[in-house]
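Me: I would like to work through this model with you, one question at a time, starting from a contact between two of the chains. Could you reason each answer out before you name the result?

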Number of protein chains: 4
Amino acid sequence: MATKTLNVGMIGYGFMGRAHSNAYKQVGQFFPGDYRVVLKAICARDEAKAKAFAEQWGYESFETDWRKLIARPDIDVIDICTPNNLHKEIAIAAAKAGKMILCEKPLAMNTPEGVEMTEAVEKAGVANMVWYNYRRIPAVTLAKRLIEEGRLGRVFHYRAKFLQDWTIKADLPQGGQGLWRLDVAAAGSGVSGDLLAHCIDTAVWLNGAMSSVCCMTETFVKERMHTLTGKVEAVGIDDACIFMGKFANGSLANFESTRYARGHKAQYTFEINGEDMSISWDLHDLHRLSIYDYKDESKLRGWRSIHVTDNSPDHPYMANWWVPGLAIGYDSSFTHQVADFLMGLETGKPQGPTFRDALETQQILDCILASAKTRQWVDVPKT
Amino acid sequence: MATKTLNVGMIGYGFMGRAHSNAYKQVGQFFPGDYRVVLKAICARDEAKAKAFAEQWGYESFETDWRKLIARPDIDVIDICTPNNLHKEIAIAAAKAGKMILCEKPLAMNTPEGVEMTEAVEKAGVANMVWYNYRRIPAVTLAKRLIEEGRLGRVFHYRAKFLQDWTIKADLPQGGQGLWRLDVAAAGSGVSGDLLAHCIDTAVWLNGAMSSVCCMTETFVKERMHTLTGKVEAVGIDDACIFMGKFANGSLANFESTRYARGHKAQYTFEINGEDMSISWDLHDLHRLSIYDYKDESKLRGWRSIHVTDNSPDHPYMANWWVPGLAIGYDSSFTHQVADFLMGLETGKPQGPTFRDALETQQILDCILASAKTRQWVDVPKT
Amino acid sequence: MATKTLNVGMIGYGFMGRAHSNAYKQVGQFFPGDYRVVLKAICARDEAKAKAFAEQWGYESFETDWRKLIARPDIDVIDICTPNNLHKEIAIAAAKAGKMILCEKPLAMNTPEGVEMTEAVEKAGVANMVWYNYRRIPAVTLAKRLIEEGRLGRVFHYRAKFLQDWTIKADLPQGGQGLWRLDVAAAGSGVSGDLLAHCIDTAVWLNGAMSSVCCMTETFVKERMHTLTGKVEAVGIDDACIFMGKFANGSLANFESTRYARGHKAQYTFEINGEDMSISWDLHDLHRLSIYDYKDESKLRGWRSIHVTDNSPDHPYMANWWVPGLAIGYDSSFTHQVADFLMGLETGKPQGPTFRDALETQQILDCILASAKTRQWVDVPKT
Amino acid sequence: MATKTLNVGMIGYGFMGRAHSNAYKQVGQFFPGDYRVVLKAICARDEAKAKAFAEQWGYESFETDWRKLIARPDIDVIDICTPNNLHKEIAIAAAKAGKMILCEKPLAMNTPEGVEMTEAVEKAGVANMVWYNYRRIPAVTLAKRLIEEGRLGRVFHYRAKFLQDWTIKADLPQGGQGLWRLDVAAAGSGVSGDLLAHCIDTAVWLNGAMSSVCCMTETFVKERMHTLTGKVEAVGIDDACIFMGKFANGSLANFESTRYARGHKAQYTFEINGEDMSISWDLHDLHRLSIYDYKDESKLRGWRSIHVTDNSPDHPYMANWWVPGLAIGYDSSFTHQVADFLMGLETGKPQGPTFRDALETQQILDCILASAKTRQWVDVPKT
């Protein structure tokens, strides 16, 4: 039984606020351990909204000033679910206050911010993690295991896409709740920071460091009404972003993201081509992993769709859920992340992605945006 | 905000006990309404297990005797998650005590039991529902809407399968926790009551009453060790069950279930062929619905895979979850069922499947088993 | 190089006449052997059509009376592509004249006819074959090999469907060119003889004899204009046919065919569930075979889609075509059948399905139709 | 009936020689017109092979010197199936001799060669075509029609890949029959000219001119035994090639080809994302076209798989083949190309891709290779 408590103070209450809260509530039932997570406080500027969220989700209290939240001695961990432009200030303040930190991705607006944040948490010695949740979709974690077992042999290609279509409408405004992702001031970048950041985090985790990149970006809709100013303003984000490059292991990278791919809601896919095995995955069918094993008997070789739902140690995390064949949802990836975070506290072995891990992704993001601007190849600095 | 409470007393703590508990915990966050669900008590014969489950899942108390649970005045609804052979006695006692009842499927061991139970709840005037949860997978609910909108035209065929492979091993025992489904004394039947019951419930809901059936069953493994007696005993359940038949609307039925279909973990599929539209669904990819619309322009006709994940009223239940493209899991179907049950209480309009609805499925189950025994066609009595 | 010739005389010039002719023309290029096939004569009642077909397809001559064709000494093999009601008379006459015979499926209108025909060819000692072409789709032949290698273990289930949707329109007439399949006088039966015959031939070939069946049929559109009489007449064929049954090896059969499954053009599928391996195939993607191998490492088990297009002995017939990944079409199955027929002549080892092989399918067809009529189970006589 | 003849003289007898010959033999049966194609002569340096090919495929004669073939007055059209380094010389000689020319792709070793060839055929006024056969896969032609009908609206993205895995083995030699594609002296380039050429031809046809590109190439295996010299020699071709770019219509390009993508035999795919419709296709399932139509009713939107096999004008070329649902193979694309070429002769309206059309693809190929070399963006000259 849980003998310790972990008091959470969450800042922000949007899409991610809900996803994290659900995870905090589920983790004790599906992944019971030493720690019991307590939803201590939610923080949002709008008092009515903060209060309503607290009641709906079972937070014991609410705050409207994140500095007050950080100052509270009854809070163990700060969960940052704000727009990207607030990550740095909050994270550094929380670190200084000795709080553990769970920060939404991307880590920061840019690498210098990320460096400051990373140094702050490391100096403070506080547990820290970034919500690159896709690592913990069971199918993706299974891919990681196959790679660690050395099944792929020499890797030739890594391909990733994250395709959406929700911003095609030119009359969609930018800025404000739910739409801050279109506002460069709040988001820092467009699909690169929002979507490719996920692709890069997974890629670096699965295939190692990137050494060089060459990128192009495009903003298809040049101006949008801004909900905060009430005026039509230039769009500063990248609507689409394609880059190619090289990994340190010699394999070639082909990455693309857009919010203008009609018909794709959130199609995050990756494919890795190794000498001995290829692997692919698609978020639209997140419970499946596809592999092609060259070591199969030649006449029987083919792409195999693994329904990653066995309630056994064969399939990561799944022994804690239902019975074979019954898929879990997107939301479970957050539950798994909390479970691993708690396991890291129990064992003293921090689970990634830490701020430092996320800094590598941040650096690649900066490189691709620099490449798009200069129309030149850019070498990724070693971390 | 929730102004009323609904105190749940659950009997049983297995696979379904966990699925229901998760739903009770999620419903207030994702489908907030007038009622707040309180996990009041869990009941199981083994005190240690009951206590542990209560602690892990947050039940306020536990009982080891279901009669005591029913007698408690602080319990509003009894949730029956026991093996099938206990449904009747518990349900009737609960009805007499004026409790609402949520009963696992199949309703009963056979039709006469089901009739008794149905009469008991109707006489008592208590809200009642049976956990045929697949109706509330968003893709399946969307199929129902399309049918209600009259899009299919005359229906020619209804096909359903529920294929598993987990009992192929001859050394798997029967009886006891998790394996009572193989013990005819506890389960009443094999794949027919466990799996085809789901297929029939969905079919009657989507396509109306069945008029006649002709069935065959098979028990591939004739004897299994019984965990309760410690002896090898004859297997009394059906390992596989195929039936054909007719619906009242003139369409033909082809149903099959087995636990010996190597490679299928829980492949529940149905397909309906109408004059103007065909629809199909597969539990292995539960977030998708496939349709073929004959009214499409002829050169563009094809099977369409709808990713039923839009957070809009277009896609049932999904407006309450995440953003487009992010799939929810099997477990959400229970959350939806609780949400609808509560909505039924609020509005005074009972939501199905009620005991009476489930009785129709029970009757068809009895008819197919009778047909398998007599090797004759059997007419389904009108309900 | 080819040193012998095989002179073909074909009766009929419809869909099958074209498919066979294409095969005769291709076989020498893709499967060169001792025999050179010569398109000697085409026979059709309508002189203009016979002549036009001969010119278009390169037949050296034409006839309008099949008896004359059979009487010609320069004809080695008679290819019967007529409606089913003419098979018997032609085949027996051809056998008596000492001609080899390639006969379209189903072999006959019923078993007694089939027996007469089989006895005639066997008495005459002439090479004979029936055009159950699907055996020779490379993916299907690969399935056969896997079964012969004993990879499936004990077989539990065999499932087959052949779904079409082209007769849903009630104003489609019956009878005449292209529509004789709707006229019971010419076709003998509906989907059973036209479509299920294929499914049964494959099944018996892959899974052995059937021992008992129970069947239902339906005629959805009761009357159609008859193009020969000009009157609306009762429809005598089965529009849909479902049967279940048992194979001699103890596995269960579930077969279905219909021409009222909106959205399916020619969806012939089969699936076999063995203890160690399951196999499935779909004519709509005929170049793929799906397998699930239980002997795969447990965490990597999944359905595998084999793209049966390697130009190597691994993939039947494919070494004679293109390069890996390039699919061949439906028509190639006929080319393969001719190639195998010629190989049978060369080696003296007749290749199936012979008339006798096809007789077994005919017998099962008779049993299912009898079962549908009597609404009783029917035992399949041993052949 | 055919009243004119077209005498073909083919140079080369490899993979493409067989594919073209099959097309010449099929066209009269499936697409009868004014012209009858006569296989007049095959030309190959090796007399024995030339003779054997002529006998197997029914060529009336053979030559061992292509200049003699061109000089023959009984030859109407020269079909060039040689390695790329011979295209120019042969084509120019054939043009000067007044022969029509069908030339394998890519048109030439580079743009200057292509210009010479194009000017030669245009000056000579002879009919000319390049075998970019994928345009005439019915699903691809259907995509073209949808685009011409304006269904896509503004186009945002065009993505294409051509993935193979046949050269991963480091001990595969370069040069010689079947392996000249690995020898830069014979092929000019690697996957760019062999595979991306197809992708570019389709792209320009479907989406218009490209304006700028940025490319990277890689040679994974640096040295291979050369079958002609018997020595291990440096590999001069590109094993993999990725490029991004812009089309004149403002859409973004992402192209990739490799022969090191384990598990993909010949996976040519493209996807186009338009404001109103997206389209995708995959050579591995060449008979299907996938579309997403934003104009569909919102709740029913989804990717639709069109089985492009209706024997009606709805589906290009298919009215001349079989019945709905029965797929044709890769080889049919050549038959269609010959049919269209003959139709061009009949109507006097040349059918593309002409040499001039293919020159545009050649120019883009040169640009991407230049970009890969300089690691700079390259503007594509206007043609």
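**Contacts, symmetry and a sheet**

Me: Which residue in S16(D) is the bridge partner of B:Ser305?
Reply: This is a predicted model, and in it strand S16 of chain B, residues 303–307, is joined by three bridges to strand S16 of chain D, with the two strands running antiparallel. Within that pairing, the partner that B:Ser305 meets in S16(D) is D:Trp303.

Me: Which element gives the largest share of the side of chain B that touches chain D?
Reply: The contact draws 13 residues from chain B and 13 residues from chain D. On the side of chain B, these comprise four nonpolar, five polar and four charged residues. The largest share of that side, five residues, is supplied by strand S16 of chain B.

Me: Is D:Ser278 buried or exposed?
Reply: D:Ser278 lies in strand S14 of chain D, residues 277–282, and its contacts reach into another chain, with A:Ala261, A:Arg262 and A:Gly263 among them, as well as residues of chain D including D:Ile291 and D:Tyr292. A residue counts as buried when 20 or more other C-beta atoms lie within 10 Å of its own. Because D:Ser278 has 25 other C-beta atoms within 10 Å, it is buried.

Me: What relation links chain A and chain D, given a rotation of 180 degrees with 0.0 Å of shift along its axis?
Reply: That rotation superposes chain A on chain D with an RMSD of 0.0 Å. The copies meet through the same surface, because 100% of the interface residues of chain A are also interface residues in chain D. The rotation and shift together give the relation of a two-fold axis.

Me: Which C-alpha in chain A is nearest the axis?
Reply: The axis in question is that of the rotation of 180 degrees which superposes chain A on chain D. At 3.3 Å from this axis, the nearest C-alpha in chain A belongs to A:Gln376.

Me: Which are the edge strands of the open sheet in chain A?
Reply: Six strands of chain A form this open sheet with parallel pairing, in the order S3-S2-S1-S4-S5-S6. An edge strand here pairs on one side only, and the two that do so are strand S3 (61–63) and strand S6 (128–130) of chain A.

Me: Which residue in S4(A) stands opposite A:Met10?
Reply: Strand S1 of chain A, residues 4–11, runs parallel to strand S4 of chain A, residues 77–80, and four bridges join them. Opposite A:Met10, in S4(A), stands A:Asp79.

How values were computed: Residues numbered from 1 in each chain as written. Chains lettered and ligands numbered in written order. Predicted model: local features only at pLDDT ≥ 70, side-chain atom pairs only at ≥ 80, totals over all residues. Contact = placed C-beta atoms within 7 Å. Nonpolar A, V, L, I, M, F, W, Y, C, P; charged D, E, K, R; others polar. Pairing = 2+ DSSP bridges. Buried ≥ 20, exposed ≤ 12 C-beta atoms within 10 Å, placed from the backbone. Least-squares fit on C-alpha atoms with pLDDT ≥ 70 in both. Lists of a residue's contacts leave out its neighbours within four places in sequence.
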